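Good morning, and thank you for making time for this presentation. Please look at the sequence and the structure as they appear, and we shall then go through them together.

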Amino acid sequence: MINFEEELKKFKPSLEIEDAEDIIYGQDLDDMSDVLVRILKDAGHEADNSKRTK
Amino acid sequence: MKCYICGADLTKADTCPSCGASVKTYKKLVALSNRFYNEGLEKAGVRDLTGAVNSLRQSLKLNKNNIDARNLLGLVYFEIGDVVPALSEWVISKNLQADKNIADDYMDMVRNSPAQLENINQTIKKFNIAYNYCQQDSLDLAVIQLKKVLSLNSGFIKAHLLLALLYLKNGNWDRAKIEAQKVLKLDTGNVMAKRYLKEADSMLLPGESGKLVSDIASSDSDDIIRYNSGNEMIIQPVKKSVLTRTSSIWGIVLGIVLGIAASCFLILPQRIQSITSNNQEKISQISEESDSKSAQIGDYEQKISGLQAQIEALQSQVTDYEGVDSTSAAMNSLMEAVNIYMATPSDIEGMAKALENLDLTAISDDVSPEFTDLYNTLMSNVGPQLATSYYNTGYEAYKAENYEVAITNLNKAYQYDNNNVNTLYYLGNSYYSSGDLDKAKEIYDAVITDFPNTQSAQAAQVKLAEINNSGN
C-alpha cells in the first residue's frame, strides 16, 4: 500500500528557466579524476608532514 | 585523451609524455566512463530513460569531460520534460568543449523557438502550482492543474507520475493505471511508474475495473472489442475497412437519390394535378363569362336592329318634312318672282334669281294645281326673256369653254323655253365637251327627235356617230 505523503515527498518542484543560471554555477562538476588528484595531493602533504616531524 | 594534470595528449604509455604523471588509473576511469556512456546510450535507445540517466550520471562522475555523455544526458532530460537540467548540461558541455559540439544545435533549437520556450516555461510553472496544491491538500485543484500541464506537454513524466499518485489517493485505480502506463510507454525503466501500476493493478479486481473502464465496458458500442487477458480487460477499437467508412457516404448519396425520386413520383404529380385543376377552374370560369357576354351581345344586336328600324322610320319622316320644306321654299320662290314681275316686269335678272332654286320636277307631286297654274302663267309672260337671259349666259360660257356654267345656264334656258333648238344643241355640245357622253347622247337624241330636219339635228347626228364610233 502506497503512503501518499511519503510518495509526495519524492516529488520536487520542477526547476524553472529563470533558475538555470544558479543551477549551472552551483553544479558540482568534480569527477573521479579530481578526487584522485586531491587524494594524491593530500597523500603528498601527509608524507611531507611526516618527514618534517621525523 | 588528455592528461588530467597538464592537459597534454596521452599516448598508449601509462605515463604522461609531458609531465611524467602516472595516467594508468585515469585511463581506467575514462574507459569506465565510456562504458557507462555506452550503457546509457543503449538504455536511451530502448526508452529506458531512468536507467539512461543513471548510467550517464555515472559516466560523468567518472569523467566530467565526456561530452557525448553530457549531451546525451541533456537530451534525455529534455525528453522527460526536465528542460532546465537539460539546458544546464548543454551549457556546461559547451563550456567544456566550445568547438564541434552538438549541444550548440540543441540550444539553438530551443532558443530559436520562443513560443516553444514559453510553452515549456508555462508547463513548469503550472506543474509547480499543482505541486503546491498537493502540499496544501487541494488535490482536486492539483488534478485539474496537472491535466492542463499534460495538455501542454504530454511527455512530462513527472506530471504523469504525480497525477497517477493523486488518482491512487482518490481511489481512481483505473485512471492511475492509465497514467502509469503512459509513463512506462515514455520511460520503460521508470521504477515509480511500475510501483504505481502494480498498486493500481492490485486494487483492481477482474471485472471491477473502476469507473472509466466500467463506463467503456458498459457501453454497447460496436466500435470497440472487449476481452479479458488474465486479470486485465482489454478494450481496443475495431479497425474499420475503407468500404465501411465510405458506407456512410454511400448512404448519404442513396438518401439524396431517394429524396429526388420521392419528389418526382409523389410530390410532383400532386403538384401538376393541382395546377391542372386550377387551370380547369379558370377555363370554366372564363367560358361562363364568355356565355354571359354572348347573351349580352345577342340582346344588344336585337336592340340595334330595333333602333335601326326606328332610325329608318324617323328618316322617312325627316324626308317627308324636307319635302314639305322644299315645297314651301318653291312656293316662296314663286311668290317672290311673281312679286318682282308685278312690281318691275323688266327685272328679268331679279326674277331669274328668285326662281333660281325652284326645281319644279322635284316638287311636282307635292304642289297644288293653283301653284302650277301660277307658275305656267308667269312662264308664259316672262319665260322667253328668262330663257334668253340664261341662253346668252350659257352660250358665252360655252364659248369660253366653261362647260359647267354653260350646262347649268343652258339647262335653265331650256327649262324656261323648250322650243329653242340651239339651246338644246349647245347643251349637248357642252356635255360632249365636258366628257359626259351619255348625257350628250341623250341630249343629241332629243335634238334629233324634237327638232327634225334642222341643221342642229344634222349636226347632232354627226356628233352621235362620232360618239358611237369612239365607243366601239
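How many helices and how many strands does chain B have? Chain B has 18 helices and two strands. I should say at once that this is a predicted model.

Let me begin with confidence. The mean pLDDT of chain B is 85, and 88% of its residues reach 70 or more. For the complex, the predictor gives an ipTM of 0.86 and a pTM of 0.50. One stretch calls for caution: over residues 208-212 of chain B, pLDDT stays under 50. The model has twelve contacts beyond four places in sequence for that stretch. Where pLDDT is low, the predicted coordinates should not be read in detail.

Two figures describe chain B as a whole. Of its 472 residues, 30% count as buried. Among contacts between residues at least 6 apart in sequence, 44% join residues at least 24 apart.

I turn now to the contact between the two chains. How many residues does each chain bring to this contact? Chain B gives 29 residues and chain A gives 21 residues. On the side of chain B that touches chain A, at least two residues each come from α1 (24-45), α2 (49-62), α4 (83-96), α6 (114-135) and α8 (157-170). The largest share of that side, seven residues, is supplied by α6(B). By class, the residues on the side of chain B that touches chain A are 17 nonpolar, five polar and seven charged.

Next, the packing of helices within chain B. Two packed helices are described by the angle between their axes and the distance between the axes. I shall take three pairs, in sequence order.

The first pair for discussion is α2(B) with helix α3, residues 67-79 of chain B. Their axes are 9 Å apart, and the packing angle is about 150°. Because angles over 145 degrees count as roughly antiparallel, α2(B) is roughly antiparallel to α3(B). The crossing of α2(B) past α3(B) is left-handed. From α2(B), the residues that meet α3(B) include Leu49(B), Ala52(B), Val53(B) and Leu56(B). On the α3(B) side, Leu72(B), Leu73(B) and Val76(B) are among the partners. The contact of α2(B) with α3(B) has nine nonpolar, one polar and three charged residues.

We come next to α6(B), already met at the contact with chain A, where it supplies seven residues. Helix α6(B) also packs with α7, residues 139-152 of chain B, at an angle of about 165° and with axes 8 Å apart. That angle makes α6(B) roughly antiparallel to α7(B), and the crossing is left-handed. Among the residues of α6(B) in this contact are Phe127(B), Ile129(B) and Ala130(B); those of α7(B) include Leu141(B), Leu146(B) and Val149(B). The contact of α6(B) with α7(B) divides into eleven nonpolar, four polar and two charged residues.

The last pair is α15, residues 403-416 of chain B, with α16, residues 421-434 of chain B. They pack at an angle of about 155°, with their axes 9 Å apart, and this makes α15(B) roughly antiparallel to α16(B). Here too I give the handedness: the crossing is left-handed. In α15(B), the contact includes Tyr403(B), Ile407(B) and Leu410(B). In α16(B), Leu424(B), Leu427(B) and Tyr431(B) are among the residues that take part. What classes of residue make up the contact of α15(B) with α16(B)? There are ten nonpolar, five polar and no charged residues.

Finally, I ask you to look at three residues in loops. Asp137(B) is located in the loop between α6 and α7 of chain B. It is not a glycine, yet its phi is positive, at about 65°. Is Asp137(B) buried or exposed? Asp137(B) is exposed, with 8 other C-beta atoms within 10 Å.

Asn453(B) sits in the loop between α17 (437-450) and α18 (455-471) of chain B. Its phi is near 65°, a positive value in a residue other than glycine. With 7 other C-beta atoms within 10 Å, Asn453(B) is exposed.

Gln97(B), by contrast, counts as partly exposed, with 14 C-beta neighbours inside 10 Å. Its place is the loop between α4 and α5 (103-111) of chain B. The C-alpha atoms of Gln97(B) and Asn66(B) are separated by 9.9 Å, although the two residues are 31 residues apart along the chain.

Key: Residues are numbered from 1 along each chain as its sequence is written. Chains are lettered from A and ligands numbered from 1 in the order in which they are written. This is a predicted model: local features need pLDDT of at least 70, side-chain atom pairs count only at pLDDT 80 or more; totals for chains, interfaces and linings use all residues. Two residues are in contact if their C-beta atoms, placed from the backbone, lie within 7 Å. Helices (H or I, at least four residues) and strands (E, at least two) are DSSP runs, numbered from the N terminus. Ala, Val, Leu, Ile, Met, Phe, Trp, Tyr, Cys and Pro count as nonpolar, Asp, Glu, Lys and Arg as charged, and the others, Gly among them, as polar. Axes are lines fitted to C-alpha atoms, for helices over the stretch in contact, and angles run from 0 to 180 degrees between N-to-C directions. Angles under 35 degrees count as roughly parallel, over 145 as roughly antiparallel, 65 to 115 as roughly perpendicular and the rest as oblique. A crossing is left-handed if the near helix is turned anticlockwise from the far one by less than a right angle, and right-handed if clockwise. A residue is buried if 20 or more other C-beta atoms lie within 10 Å of its own, exposed if 12 or fewer, and partly exposed in between; C-beta atoms are placed from the backbone. pLDDT is the predictor's confidence in each residue, from 0 to 100.
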